[in-house]
Amino acid sequence: MNYTWPVKAAALSTSLAFSATSSAGWLNSHMEIYPDCTEALTLLSSELLDLTPNGELFIVMADPKSEGMDAILALRHGFHGSIFDIDILNDNLPLEDQTVQFTGTLVRRDANIPERVLGGSGGDSFFFVVRLTAGNFLLHPDSFDHSGFAVCEALLEDMA
(Lines give C-alpha, C1' and ligand atoms only; values in the text may rest on other atoms or scores of the structure.)
Protein backbone atom coordinates (compact mmCIF):
# COMPACT_ATOMS: atom_id res chain seq x y z
CA MET A 1 0.00 0.00 0.00
CA ASN A 2 1.27 3.46 -0.86
CA TYR A 3 1.37 5.67 2.25
CA THR A 4 2.85 8.71 0.49
CA TRP A 5 -0.42 10.49 -0.28
CA PRO A 6 -1.87 10.23 3.29
CA VAL A 7 1.41 11.48 4.75
CA LYS A 8 1.46 14.45 2.35
CA ALA A 9 -2.19 15.23 3.09
CA ALA A 10 -1.53 15.11 6.84
CA ALA A 11 1.45 17.43 6.48
CA LEU A 12 -0.58 19.90 4.45
CA SER A 13 -3.48 19.79 6.92
CA THR A 14 -1.12 20.39 9.82
CA SER A 15 0.54 23.34 8.13
CA LEU A 16 -2.83 24.87 7.24
CA ALA A 17 -3.95 24.55 10.84
CA PHE A 18 -1.20 26.80 12.14
CA SER A 19 -1.53 30.41 11.07
CA ALA A 20 2.08 31.04 12.08
CA THR A 21 3.25 29.06 9.07
CA SER A 22 1.11 31.20 6.82
CA SER A 23 2.29 34.47 8.34
CA ALA A 24 5.90 33.28 8.03
CA GLY A 25 5.42 32.89 4.28
CA TRP A 26 5.63 29.11 4.22
CA LEU A 27 2.25 28.86 2.50
CA ASN A 28 2.89 31.75 0.12
CA SER A 29 5.26 31.51 -2.81
CA HIS A 30 7.17 34.72 -3.22
CA MET A 31 10.01 36.35 -5.09
CA GLU A 32 13.02 38.22 -3.78
CA ILE A 33 14.72 40.73 -6.08
CA TYR A 34 18.53 41.10 -6.12
CA PRO A 35 19.50 44.21 -8.10
CA ASP A 36 23.10 44.46 -9.32
CA CYS A 37 23.61 40.75 -8.60
CA THR A 38 25.34 39.92 -11.87
CA GLU A 39 27.02 41.82 -14.68
CA ALA A 40 24.70 43.75 -16.98
CA LEU A 41 25.27 42.55 -20.52
CA THR A 42 23.68 42.86 -23.95
CA LEU A 43 23.65 39.92 -26.37
CA LEU A 44 21.99 39.17 -29.66
CA SER A 45 19.44 36.38 -29.31
CA SER A 46 21.58 34.26 -31.64
CA GLU A 47 24.49 34.56 -29.17
CA LEU A 48 22.24 33.51 -26.30
CA LEU A 49 20.84 30.60 -28.33
CA ASP A 50 24.42 29.40 -28.90
CA LEU A 51 24.64 28.92 -25.11
CA THR A 52 21.56 26.67 -24.96
CA PRO A 53 21.62 22.86 -25.08
CA ASN A 54 19.31 22.58 -28.10
CA GLY A 55 19.62 26.03 -29.73
CA GLU A 56 16.07 27.05 -28.78
CA LEU A 57 14.43 29.23 -26.15
CA PHE A 58 10.70 29.69 -25.63
CA ILE A 59 8.84 32.62 -24.14
CA VAL A 60 6.02 31.79 -21.73
CA MET A 61 3.82 34.86 -21.43
CA ALA A 62 2.30 35.53 -18.00
CA ASP A 63 -1.45 35.49 -18.56
CA PRO A 64 -3.36 37.93 -16.31
CA LYS A 65 -6.32 35.52 -16.35
CA SER A 66 -4.20 32.63 -15.13
CA GLU A 67 -4.53 31.35 -11.59
CA GLY A 68 -1.06 29.79 -11.76
CA MET A 69 1.32 30.99 -9.05
CA ASP A 70 4.16 31.69 -11.50
CA ALA A 71 2.00 34.00 -13.62
CA ILE A 72 0.63 35.77 -10.54
CA LEU A 73 4.11 36.33 -9.09
CA ALA A 74 5.58 37.45 -12.41
CA LEU A 75 2.84 40.00 -13.05
CA ARG A 76 2.90 41.23 -9.44
CA HIS A 77 6.59 42.10 -9.89
CA GLY A 78 6.20 43.62 -13.36
CA PHE A 79 7.53 40.72 -15.44
CA HIS A 80 5.83 39.80 -18.70
CA GLY A 81 6.68 36.11 -18.47
CA SER A 82 9.49 33.58 -18.39
CA ILE A 83 11.95 32.06 -20.83
CA PHE A 84 12.86 28.35 -20.85
CA ASP A 85 14.68 26.01 -23.21
CA ILE A 86 11.64 23.73 -23.48
CA ASP A 87 8.21 24.43 -24.90
CA ILE A 88 6.34 24.04 -21.61
CA LEU A 89 2.79 24.53 -22.90
CA ASN A 90 3.48 23.27 -26.46
CA ASP A 91 2.35 26.60 -27.91
CA ASN A 92 4.88 29.07 -26.53
CA LEU A 93 6.66 31.61 -28.68
CA PRO A 94 10.20 30.83 -29.79
CA LEU A 95 12.70 33.57 -29.00
CA GLU A 96 12.90 35.75 -32.09
CA ASP A 97 15.96 37.49 -33.50
CA GLN A 98 16.37 40.48 -31.19
CA THR A 99 18.60 42.06 -28.57
CA VAL A 100 18.59 40.44 -25.13
CA GLN A 101 19.69 42.76 -22.34
CA PHE A 102 20.74 41.12 -19.08
CA THR A 103 19.77 43.81 -16.57
CA GLY A 104 22.12 42.67 -13.80
CA THR A 105 19.13 41.82 -11.60
CA LEU A 106 18.40 38.30 -10.37
CA VAL A 107 15.18 37.01 -8.81
CA ARG A 108 14.94 34.20 -6.26
CA ARG A 109 11.61 32.37 -6.28
CA ASP A 110 10.82 30.62 -3.03
CA ALA A 111 8.51 27.63 -3.28
CA ASN A 112 5.80 27.28 -0.64
CA ILE A 113 5.23 24.19 1.51
CA PRO A 114 2.41 22.74 -0.64
CA GLU A 115 4.59 23.11 -3.76
CA ARG A 116 7.45 21.33 -2.04
CA VAL A 117 5.38 18.54 -0.48
CA LEU A 118 2.65 17.92 -3.06
CA GLY A 119 4.26 19.25 -6.22
CA GLY A 120 7.70 17.77 -5.77
CA SER A 121 9.42 21.15 -6.07
CA GLY A 122 13.07 21.19 -5.14
CA GLY A 123 12.63 24.46 -3.29
CA ASP A 124 14.15 27.80 -4.16
CA SER A 125 15.24 28.68 -7.68
CA PHE A 126 16.59 31.80 -9.30
CA PHE A 127 16.18 33.61 -12.61
CA PHE A 128 18.06 36.21 -14.61
CA VAL A 129 16.02 39.31 -15.45
CA VAL A 130 16.36 40.08 -19.15
CA ARG A 131 14.83 42.89 -21.17
CA LEU A 132 13.41 42.09 -24.59
CA THR A 133 11.46 44.36 -26.93
CA ALA A 134 8.24 43.14 -25.25
CA GLY A 135 9.41 43.98 -21.71
CA ASN A 136 11.17 42.29 -18.79
CA PHE A 137 11.26 38.49 -18.59
CA LEU A 138 12.64 35.88 -16.20
CA LEU A 139 15.25 33.63 -17.85
CA HIS A 140 15.70 30.28 -16.14
CA PRO A 141 19.42 29.58 -15.59
CA ASP A 142 19.14 25.89 -16.51
CA SER A 143 18.08 26.99 -20.01
CA PHE A 144 21.57 28.12 -21.01
CA ASP A 145 25.20 27.84 -19.96
CA HIS A 146 25.43 30.58 -17.37
CA SER A 147 28.87 29.57 -16.10
CA GLY A 148 30.30 32.87 -17.36
CA PHE A 149 27.81 34.90 -15.33
CA ALA A 150 29.02 35.57 -11.79
CA VAL A 151 26.24 35.68 -9.19
CA CYS A 152 26.34 37.91 -6.09
CA GLU A 153 27.15 36.40 -2.69
CA ALA A 154 23.83 37.54 -1.19
CA LEU A 155 21.85 35.30 -3.53
CA LEU A 156 24.17 32.34 -3.01
CA GLU A 157 23.90 32.68 0.77
CA ASP A 158 20.10 32.89 0.63
CA MET A 159 19.92 29.83 -1.64
CA ALA A 160 22.04 27.73 0.74
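In which strand is Leu138 found? I looked this up before anything else, and the entries below follow from there. The model I worked from is a predicted one.

**Entry: Leu138.** I located Leu138 in strand β8. I then checked its cover: Leu138 has a relative accessible area of 2%, and because buried means under 20%, I recorded Leu138 as buried. I also looked up a contact across the sequence. Leu138 and Ala74 stand 64 residues apart along the chain, yet 8.2 Å separates their C-alpha atoms.

**Entry: overall layout.** I listed the secondary structure next and found six helices and eight strands in the chain. Reading from the N terminus, I noted the order α-α-β-β-α-β-α-β-β-β-α-β-β-α. The chain holds 160 residues, and I recorded 39% of them as buried.

**Entry: salt bridge.** How many salt bridges does a search of the whole structure find? My search of the whole structure returned one. In this salt bridge the side chain of Asp158 meets that of Arg108, at 3.3 Å from N to O. The pair connects distant parts of the chain, with Asp158 in helix α6 and Arg108 in strand β6 (residues 99-110), 50 residues apart. I compared the cover of the two partners. Arg108 has 9% relative accessibility and so counts as buried, whereas Asp158, at 38%, is partly exposed. As background I noted that side chains of opposite charge can pair when their charged atoms come close.

**Entry: Val151.** I placed Val151 in the loop between β8 (135-139) and α6 (153-159). Is Val151 buried or exposed? Its relative accessibility is 18%, so I entered Val151 as buried; the cut-off is under 20%. I also noted its distance to Phe128: the two are 23 residues apart in sequence, and their C-alpha atoms lie 9.8 Å apart in space.

**Entry: second largest pocket.** I recorded a volume of about 150 Å³ for the second largest pocket. Which residues line the second largest pocket? I listed Ile59, Met61, Leu93, Pro94, Glu96, Gln98, Leu132, Thr133, Ala134 and Phe137. I sorted this lining by character and obtained seven nonpolar residues, two polar and one charged. Glu is of the charged class, so I assigned the charged place in this lining to Glu96. By element, β3 (58-61) and β5 (93-94) each contribute at least two residues to the lining.

**Entry: nonpolar patch.** I looked at the surface and found a nonpolar patch of about 290 Å², made by Ile86, Ile88 and Leu89. Of these I followed up Ile88, which sits in the loop between β4 (81-84) and β5. Ile88 has 41% relative accessibility, so I classed Ile88 as partly exposed.

**Entry: Asp36.** Where is Asp36 found? I found Asp36 in the loop between β1 (30-34) and β2 (41-44). I checked its backbone and read a phi near 55°, a positive value in a residue other than glycine. For context, most residues other than glycine have a negative phi. Asp36 shows 70% relative accessibility, so I entered Asp36 as exposed; the cut-off for exposed is over 50%.

Notes: Residues numbered from 1 in each chain as written. Predicted model: local features only at pLDDT ≥ 70, side-chain atom pairs only at ≥ 80, totals over all residues. Heavy atoms only, no water. 1 Å grid on protein atoms, 1.4 Å probe; cavity = no way out; pocket = protein on both sides within 12 Å on 5 of 7 lines; lining within 4 Å. Points joined across faces, edges and corners; volume = space filled by probe spheres on them. Helix = DSSP H or I, 4+ residues; strand = E, 2+ residues; numbered from the N terminus. Patch = residues over 30% accessible without salt bridge, like charges linked within 9 Å, V, L, I, M, F, W, Y side chains within 5 Å. Areas by Shrake-Rupley, 256 points an atom, 1.4 Å probe, with all protein chains shown as cover. Salt bridge = Lys/Arg side-chain N within 4 Å of Asp/Glu carboxyl O. Buried < 20%, exposed > 50% of the residue type's maximum accessible area, 1.4 Å probe, protein only.
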